[in-house]
Protein chains: 2
Amino acid sequence: MAVKTNLTPLPGACAACAVRPFALFRVVPQARVGEIARVRSAVRLVRSGEAIRDTVFTLYAGWAFSWTTTPDGRRQILDFHLPGDLVERSEDGAEVSALTDASFCVLAKDRLCEFMGRDPGLAMSYADGLVRDRARLRERLTSLGRRDAMGRVAHLLLELHTRLSHRGGADRSGAPLPLKQAHLADALGLSVEHANRALAALRRDGVAALQKGRLDILDRPAMEDLAGWSSAPAVPVLTSLKA
Amino acid sequence: MAVKTNLTPLPGACAACAVRPFALFRVVPQARVGEIARVRSAVRLVRSGEAIRDTVFTLYAGWAFSWTTTPDGRRQILDFHLPGDLVERSEDGAEVSALTDASFCVLAKDRLCEFMGRDPGLAMSYADGLVRDRARLRERLTSLGRRDAMGRVAHLLLELHTRLSHRGGADRSGAPLPLKQAHLADALGLSVEHANRALAALRRDGVAALQKGRLDILDRPAMEDLAGWSSAPAVPVLTSLKA
DNA sequence: CGAGTTGTTGATAGTACTCAACTTGCGTGG
DNA sequence: CCACGCAAGTTGAGTACTATCAACAACTCG
């Protein structure tokens, strides 16, 4: 075939948006979806690995990730983004790249601010996403600070599995997971080789296996134990009135 | 003397609040400070090391920090809180403790939510704080993932110096810093001994010295270099319309 | 002047990194 | 249909950084 077939769906009408229940605009009643469309300034499709230069967008399909590099050129992945996530590309040196082929809705910063200024519920929905981002970063910080390689890998895999579950993208025994080992390593502060060894150990011990773009959870209790997993799900304090 | 003299000031009237320019309520015009007072449900004083059980509060004087423990009992400090910071104690297992003697204003969660629901500017001010929290956590994550001990220490010291500067609590050559080495270690994922050695190395090399509750920056360029310091100050994307 | 906390130092053991091959899987092109 | 060329995944050996354990010094407070 001449052109690679595009299997990644483009976002369509906001009124019928499949990811809206998980997204910033989940709080906007159906009667007012029209206002959402005016905030959307573009719809885009990117290939796996491509950088995303838009400042604010809602991921519609595919995965993305935010990252920085240290002056000596090593990469630190700061967060992974799943469909429905609101992503901001700030000017502090962090970049955003597509991890898989992906599509997203670009939001006009000024119109979004205006909308939030008019609708406090939307502002709180935005804050709610920030609180979740923060909770995730805190967990990851604890991983990098206090867990060994196997624990870090197990914890990240559990986190991603949980996030996917909430969107219906996973079943109890596993989920599709497009991460390369290099992504794991760069997110967890490990070398690729060491991440590989940790992953191999998890597989060897019958705990979990990440292969061919799929995660299989083989022994959930053992995995939670290794990861120091806290089942407490970090409920937002101030934004919980909504939703 | 019978009773230890209390040198930590208690918060007074909101209208004359010294930390309000840096705090959540900075966006409330002077004419409406009365509404702030109705959100404040109590004023408290805690001693260094004490746990804080209130869910939402604005630190007025002194330092605090948020932390968790892993199942094997090691502590990870998630963030340090300075006067003016809004602090939320979520139910995800994280705790908040006073690092020095400290005082703060307890906020009534429901009344604060109601206020934010009525005043989108306030909600955006809240979001702005969350964005800053996130940026700080991202920097720290990069430290733990990709910097060695000296780099981590140097980076954290620079971060705290910067935050203090913004509040007028530091001059160019240094600042008062009440951290123990154990705090540094637990924030940076190091053992106390290793944090000590890193600190000693910074002192030996004439880069920076942390002693007797005070940080002295001896060679700022060298310190920034060690820390992989990015001068770019992480400007909020969506909340920048305010302030 | 003790007693406990905080800071310092040394020796030793681990964990994770680096470097260097080598293997596998897969798409392109001959 | 198979060879080639990469990208991703593995494996091994040697090294570096950091943790742990154990004292000990310095400082603070009562």
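These legends describe close-up views of a predicted model in which protein chains A and B meet DNA strands C and D. Residues are numbered from 1 along each chain as its sequence is written, while chains are lettered from A and ligands numbered from 1 in the order in which they are written. Local features need pLDDT of at least 70, side-chain atom pairs count only at pLDDT 80 or more, and totals for chains, interfaces and linings use all residues, with side-chain values based on heavy atoms and with hydrogens and water left out.

**View 1. Protein residues around DNA strand D.** DNA strand D is surrounded by 15 residues, of which the closest are Q181(A), N196(A), A149(B), L190(B) and H194(B); a residue is near a strand if one of its heavy atoms lies within 4 Å of it. Of the atoms of DNA strand D within 4 Å of the protein, 62% belong to sugar or phosphate, and the rest belong to bases. The surface near DNA strand D divides into 2 nonpolar, 5 polar and 8 charged residues, where Ala, Val, Leu, Ile, Met, Phe, Trp, Tyr, Cys and Pro count as nonpolar, Asp, Glu, Lys and Arg as charged, and the others, Gly among them, as polar.

**View 2. Individual atom pairs at DNA strand D.** A phosphate oxygen of DNA strand D lies 3.4 Å from a polar side-chain atom of R74(B), and a backbone N or O atom of A149(B) lies 3.0 Å from a phosphate oxygen of this strand. For R197(B), an N or O atom in the side chain is 3.2 Å from a base oxygen of DNA strand D.

**View 3. Protein residues around DNA strand C.** Around DNA strand C there are 15 residues, and the closest are A149(A), S191(A), H194(A), Q181(B) and N196(B). Sugar and phosphate make up 59% of the atoms of DNA strand C that come within 4 Å of the protein. By class, the surface near this strand has 2 nonpolar, 5 polar and 8 charged residues.

**View 4. Individual atom pairs at DNA strand C.** From chain A, a backbone N or O atom of G189(A) lies 3.2 Å from a phosphate oxygen of DNA strand C, and a polar side-chain atom of H194(A) lies 3.0 Å from a phosphate oxygen of the strand. From chain B, an N or O atom in the side chain of R203(B) is 3.4 Å from a phosphate oxygen of DNA strand C.

Notes: Polar contact = N/O pair within 3.5 Å; in protein donor to acceptor, adjacent residues only side chain to side chain.
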